[in-house]
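Trainee: Could we walk through this model together, one piece at a time?
Mentor: Happily; have a look at it and then ask away.

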Amino acid sequence: MDKKTLTETDIRTKFITPALVGPTGSKWNVMTQLREEFYFTKGRVIVRGKTVRRGEAKKADYLLYYKPGIPIAVIEAKDSTHAVGAGIQQALEYAEILDVPFAYSSNGDAFLEHDRTGSGGTVEREIPLDQFPSPEDLWARCRAAKGYTAAQEAVTTQDYNDDGSGKAPHYYQLIAINRTVEAIARGENRILLVMATGTGKTYTAFQIIWRLWKAGAKKRILFLVDRNILADQTKTNDFKPFGQAMTKITNRTVDKAFEIYLSLYQAVTGTDEEQNIYKQFSPDFFDLVVVDECHRGSAADDAVWRRVLEYFSSATQIGLTATPKETRDVSNIEYFRDPIYTYSLKQGIADGFLAPYKVVRIGIDKDLEGWRPEKGKTDKYGQVIEDREYNEMDFDRNLILEKRTELVAAKVTEFLKATDRFAKTIVFCENIDHAERMRQALVNANADLAAANSKYVMRITGDNEEGKAQLDNFIDPESTFPVIATTSQLMSTGLDAQTCHLIVLDKRMNSMTEFKQIIGRGTRINEDYNKFFFTIMDFKRATALFADPAFDGDPVQIYEPKAGQSPVPPDDAPLPEPEDRYSDSTAEGGVESEPSGVRELQAKYYVNDVEVTVVTERVQYLDADGKLITESLKDYTRKAVRRAYASLNAFLNAWHDAARKQALVEALAGQGVFLDELAEQVGQDLDAFDLICHVAFDQPPLTRRDRAANIRKRNVFAKYGDKARAVLDALLDKYADAGLKSVESLEILKVDPLTTFGTPVEIVSVFGGKQRYLAAIRELETQLYQEAA
């Protein structure tokens, strides 16, 4: 066997894996300690017009575990034409992402080790193939570097919960869980975890609590939330394995016989001392308190949560948040200290675990220009309207322009009619009154569907029991109704709305915290229901917060249509210059919602005879690397192709050398080059080859039919028998209709008119077997592009 001729896969199978397992199979257990070709990201969702594809996912050749849930080493393999250390830099990149202490590279001759523990001594060394360290060896070095005592080691190596379903934490959840458990084992008692909405904070919290509880490190645990639905979801879903050891505090009743307590902070606190039932527990009753969504007030010195945390100050306390709050008056970090781990919205989108989004920005004339009533003008109830300039700070608070509400409802409806009228939609309004008026306007704008089912549009606000009763149905992917929910605050946080496709912002937003939380309603991906991205329709310029350095997840697309244009983003839109954020919006300086009683003393005017119009709309989107694209799809394609192929000759050589042309096309798609979308814009019947040559290298294109006709003129298949020529002629017709992808697939032999020649096996046999059939296909492709050779 000539080792130099072996592929990387052969090298792994014949040399690296046997070296890891050992001659007796006693070193690394392939079932529990070794993952080969392990994809640890999903691949960014790339959106171009109507086309959605995933970019390339990150894959480790080997990920080694000391035990399930505790990864310890990454190995990057190369074939024998490479040096032993050729893969070490990639291994190090993956080791840093996965937070593992050891990285290795191998070409099947030996291993190059990089020790990331920082414990001193040699950082990199070469190891003979048969002397790769055992799990115990690596763990002993890791344990020594961290300085674990026997008690600390017992806690940090405690088993994860495994319910038998195959569900396992994502890599970032493993890091959050392991770092937190390790920190608590070391004696740290204030811990902050920052994880973007939709990344599974509650499941992460469950595994942390489970491991500490099972290890005996923490015996009585309090899990605090501020939404009843969050407590119920937690109890019935992620926390279900706790079974009879768990209770939810209800009816202000304390039962001290349990070990795991779920509670709304409202259920254990109050303005009167007798309502503060948490004091029925002794201050040292709980040894672990976990605060979910700790940005919502719990960090403020006067917040009721803060009082609960201070009462149980002897307990270890973990704060979970998607949006850490740092202002002059409120600080998570002052209380919990610096985050032990952060997994941002931007990283979640880059990894493909969170959905990217387009933004449709719509500017209404009265919002942008303001409005002043003529002297003596009255509203629809006869009140004389105060003579002053009104602006977006007044609208839908103390001045209601009814035609503005109708216009917003009309634009939302126009968008849904052009995309999917049953796409789950949340409309965020200024207040409950605004949410009710918006519900009415949307019912009238969708009279046909609202008449067919009264739950097509629902107001879901804290004061409305009928609406709140529909909350579970709205977030249930299998429930069609309600489709559109209008709200003000209730639905801004904590709801697992997996199939929310459209978020409408018709409220001013002065808080980055609130903005991130609202964006989080759409960031979950649900592939079963074809939910890969979502759209934000912004009427109040709230998405100006994208420009804030505190925001960490850029949009896929921002679109500002002109008056009369459809609100649906086009496939190819130029981008304007970035605008300054409006002056009255600060990332953290404003309040999240208008305090009760504000403006109550001011008159509220209802005006129904003032016309409003749309004056601006705009779209922006991200490329495969998460950078904002500021050119057309054609320009982007040209740049992306020329990055991969410096010249026309380089592309032609790669095309002619490719055994499967479609593989080259798929590789470009992974970089955000979507040729199907491009073909629609170019407007000609071109295949991938001509599209690339024409758009990227300015070559005159030939249509697929032109190329097929040229082959027939040259009579290049005369050497084949009659039946084989007939098959190739039929394949040429398929190419002319649908392009190369269909011709390269053997599945094409199962469709008309190819089926008239027999079964796939019979057709292949006409050519003398599969290999000769494939050779004929390659010759067909060569002849198709002969002029470009």
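Trainee: Which residues of α22 meet α23?
Mentor: A contact here means heavy atoms within 4.5 Å, and helices (H or I, at least four residues) and strands (E, at least two) are DSSP runs numbered from the N terminus. On the α23 side the residues are Ala688, Leu691, Ile692, His694 and Val695. Their partners in α22 are Leu675, Leu678, Ala679 and Val682.

Trainee: How do the residues of that contact divide into nonpolar, polar and charged?
Mentor: Ala, Val, Leu, Ile, Met, Phe, Trp, Tyr, Cys and Pro count as nonpolar, Asp, Glu, Lys and Arg as charged, and the others, Gly among them, as polar. For α22 with α23 the division is eight nonpolar, one polar and no charged.

Trainee: Before we go on, what should I know about the model and its numbering?
Mentor: It is a predicted model, where local features need pLDDT of at least 70 and side-chain atom pairs count only at pLDDT 80 or more, while totals for chains, interfaces and linings use all residues. Residues are numbered from 1 along each chain as its sequence is written, and side-chain values use heavy atoms, with hydrogens and water left out.

Trainee: At what angle do the axes of α22 and α23 cross?
Mentor: Axes are lines fitted to C-alpha atoms, for helices over the stretch in contact, and angles run from 0 to 180 degrees between N-to-C directions. The axes of α22 (residues 675-682) and α23 (residues 688-697) come within 11 Å and cross at roughly 65°.

Trainee: Which strands stand at the edges of the six-stranded sheet?
Mentor: Two strands pair if DSSP finds at least two bridges between them. The order is β1-β4-β5-β6-β7-β8, in an open sheet with mixed pairing. Each edge strand has a single partner, so one side of each is left without a neighbour in the sheet: these are β1 (34-39) and β8 (124-128).

Trainee: Which residue in β8 does Phe111 stand opposite?
Mentor: Strand β7 (residues 110-115) pairs with β8 in the antiparallel sense over five bridges. Opposite Phe111 stands Ile127.

Trainee: What is the order of the seven-stranded sheet?
Mentor: This sheet is open, with parallel pairing. Its edge strands are β11 (246-248) and β15 (341-343). The full order is β11-β12-β10-β13-β14-β9-β15.

Trainee: Which residue forms a salt bridge with Glu430?
Mentor: A salt bridge is a side-chain nitrogen of Lys or Arg within 4 Å of a carboxyl oxygen of Asp or Glu. The partner of Glu430 lies 33 residues apart from it along the chain. At 3.0 Å, N to O, that partner is Arg397.
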